[in-house]
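Please look through the structure shown below, with its sequence alongside, and follow it from one part to the next. The account begins with a sheet and then turns to a whole chain and to a single residue.

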Number of protein chains: 2
Amino acid sequence: MGGTPPLSPLAPAAFPDLPVIKGVEFATAAAGVKYAGRTDVLLVRLAEGTAVAGVFTRSATRSAPVLDCQQKIGGEDTGAAAIVVNSGNANAFTGRNGVAATRNVTTAAAQALGIEENRVFTSSTGVIGEPLPSDRITAKMGELASGLSPDTIADAAKAIMTTDTYPKGASAEVQIDGQTVKIAGIAKGSGMIAPDMATMLVYIFTDAAIDREVLQSMVSANADLTFNCITVDSDTSTSDTLLCAATGASGVRVTERNTGFIDALRGVMLDLAHQVVRDGEGATKFVQIHVSGAKSDADARTHAMSIANSPLVKTAIAGEDANWGRIVMAVGKSGAAADRDQLSIWFGEELVADKGWRAPGYSEEACAAHMKGESIDIRVDLGLGGGTATVWTCDLTHGYISINADYRS
Amino acid sequence: MGGTPPLSPLAPAAFPDLPVIKGVEFATAAAGVKYAGRTDVLLVRLAEGTAVAGVFTRSATRSAPVLDCQQKIGGEDTGAAAIVVNSGNANAFTGRNGVAATRNVTTAAAQALGIEENRVFTSSTGVIGEPLPSDRITAKMGELASGLSPDTIADAAKAIMTTDTYPKGASAEVQIDGQTVKIAGIAKGSGMIAPDMATMLVYIFTDAAIDREVLQSMVSANADLTFNCITVDSDTSTSDTLLCAATGASGVRVTERNTGFIDALRGVMLDLAHQVVRDGEGATKFVQIHVSGAKSDADARTHAMSIANSPLVKTAIAGEDANWGRIVMAVGKSGAAADRDQLSIWFGEELVADKGWRAPGYSEEACAAHMKGESIDIRVDLGLGGGTATVWTCDLTHGYISINADYRS
């Protein structure tokens, strides 16, 4: 990797103050997997009986740790559990060697913590196709196990970063029958971000007591409205992993009827998803694209993603150019139903195209003012039906090229 | 549009010497549609009885001239015909006004040449969504009609340019029964290039005598192997148009059995298609991607296009980085069938990944040497079946961002 890229201009002012989640402990270490002079391994210990749910990349070339997690998710939630994450090497496209490397890590973590190996979940993120030096990770396992602490989630968020320019965290509290349950999550990701699912590592913890199947369905449904609605560059990682762990340590039981909890969980997920977009490689603008009037929600999503992934749309936004012709182009090429003469487009509050024709009242000045802002809202109405979708992306700038034209060297 | 971009480093040494095609005459004029100080309108007169075939964008938001051409193609090939092309304004997403503007141009050309209006084909290329000042074009029609000449095809290639950094031409001669037929073509296009079809304007002329239906099937089949196999940025224009005119002036009849002619025509089309890629906005590398061993040709094409359109692959090539992990990623995300453990990848002659694992003998040096060249060959074998596809693209560089972040202003 080249020099550290500068902090994204869209970064939050500071890492948020995340609550301690009872039943979750963190430790980080500098194992030198690839990076020097920084932490690159995270160990998370989850209390006995923690329910773990997961959502993973759909890539046909997914990594060894992803395949291992997918095999384990859904197993019995007895005993303590653990998550081990390393940055710097994705352990992807590493064949049998990669399976063995993942096994080394899970075995070492299970031994160090005295837990079952099938309760150890791992993620690896970084370069693809290089053998993972798992011995560097296992050599640190004793140090990690003895350094576990409930209040170092901020360090955890840093250890999992690759090209991220800032650590990402979000939290929520929900009142249920007069009692409080807490949710805290961390994420990494800034390039190779696209559904399904948005390319990232995401770990969310709650002290609520939730059955694993219920937790899984909450997480899956919420992922479709959050992480699966963001894109930076249309590229999908081989390593995308979201794990959500419910320790039950609050003693408060949550079921599928607790919509307040589901909404709060989605809020945390959306916050983290937006933070990933805001750290999109080279991003200078945060872009929301809302499509309405499509024949179906699926069509609306196809149009929205076609707009969000169009290099011409993204470079126009980088240039602060309200070039709605490129929106028309992206709708036209998406493959979903569209009628040129029913199509309307807004930049911010400004109607720029009205049913297939440049809007008569359209103020170039108002548009230009909106485009100069940090947050860009693009709205498209197809005038065909009731389908809607909202997706989020960033612009495509020189920064993206600089970061990605020299990653491996 | 900003300042003129510098000549593509992949440009040919010179515009080729194209043969005169009997029955075809050209005239160009500076109408000031948008650009100042250059020609921007082309009139082509085609002799009586010329057969005209066409292939067009499949965009759902295609332009008024494209819709007009599509209506006319397939009509009777009696009388003389004409092609009128303007650069600077695409007359796309211009509603009824756009239909009227196209009508103005076709009416003026028909009158100036004394031909039927349904034999006048037009194309417009440039900015989308702005009204086409068709009066500026019609004002030049008399000058154009009186300035027609058979040997100014090079001027024609220049008049149709937008962000192109060089005019594009190609030709071939075929011997049929001891007689010679000639083919000459011109093209424009450098951004918004993707199938279906590759975003461009292409005009090909031959003095062969060919039935319109036969010509159409030759052109359509050849387009699938040439213009529909190139991509610069995955974006599809609303204006893509390929017209192929056979004047018959050589007196040599060509039928579907003349494979020599079909091959020569495909050669001209492939040459022009490659020239478009070589003029890809910001391109510094010409990239051929060949996929074999796929379950079907369609799957091979899906993988090849996923690689060719991946921003991470394209930026790695820009950085002269043999980052085959990104090829794995692009195969994984394409949606077509792939088995990680059967996948092999070559850069140039160098096998870098062998059945799901880094190739043991892999020489970083040999790879690096290949990546420094101007032409990059990437070969992927899926090990699943007999499907193959070859596509062509270019790298993604700072130049692309510079050109497209400031196009309209």
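Two strands are taken to pair if DSSP finds at least two bridges between them. The model is a predicted one, and with that in mind the sheet of chain B can be read strand by strand. Five strands form an open sheet in chain B, in the order E12-E11-E13-E10-E14, and their pairing is mixed. Strand E12 (350-353) and strand E14 (387-394) of chain B each have a single partner strand and stand at the edges, so one side of each is left without a neighbour in the sheet. From one strand to the next, the twist averages 20 degrees. As background, the strands of a sheet pair through backbone hydrogen bonds, in either the parallel or the antiparallel sense.

At one of these edges, E14(B) is joined to strand E10 (residues 286-294) of chain B by seven bridges, and the two strands run in the antiparallel sense. Within this part of the sheet, Ala294(B) stands opposite Gly387(B), a residue of E14(B). Helices are packed against the strands as well: helix H7 (residues 259-278) of chain B lies across E10 and E14 of chain B, and makes an angle of about 45 degrees with E14(B). Helix H11 (residues 364-372) of chain B also packs on the sheet, where it touches strand E11 (344-347), E12 and strand E13 (375-381) of chain B, and its direction is at about 110 degrees to that of E12(B).

Turning to chain A, one finds twelve helices and 14 strands. A compact globule of 409 residues would have a radius of gyration near 22 Å, and because chain A has 22 Å, the two values agree. Along the principal axes, the C-alpha atoms of chain A fill a box of roughly 70 × 55 × 35 Å. Of the 409 residues in this chain, 62% count as buried. When contacts in chain A between residues at least 6 apart in sequence are considered, 80% of them join residues at least 24 apart.

A single residue of chain A shows such a contact in detail. Ala112(A) belongs to helix H2 (residues 95-113) of chain A. Is Ala112(A) buried or exposed? Ala112(A) has 21 C-beta neighbours inside 10 Å, and because the cut-off for a buried residue is 20 or more, Ala112(A) counts as buried. Leaving aside residues up to four places away in sequence, Ala112(A) touches Met141(A), Gly142(A) and Ala145(A). Gly142(A) lies 30 residues from Ala112(A) along the chain, yet their C-alpha atoms are separated by 6.1 Å.

Key. Residues numbered from 1 in each chain as written. Chains lettered and ligands numbered in written order. Predicted model: local features only at pLDDT ≥ 70, side-chain atom pairs only at ≥ 80, totals over all residues. Helix = DSSP H or I, 4+ residues; strand = E, 2+ residues; numbered from the N terminus. Axes fitted to C-alpha atoms, helices over the stretch in contact; angles between N-to-C directions. Contact = placed C-beta atoms within 7 Å. Rg over C-alpha atoms; globule rule 2.2 N^0.38 Å. Buried ≥ 20, exposed ≤ 12 C-beta atoms within 10 Å, placed from the backbone.
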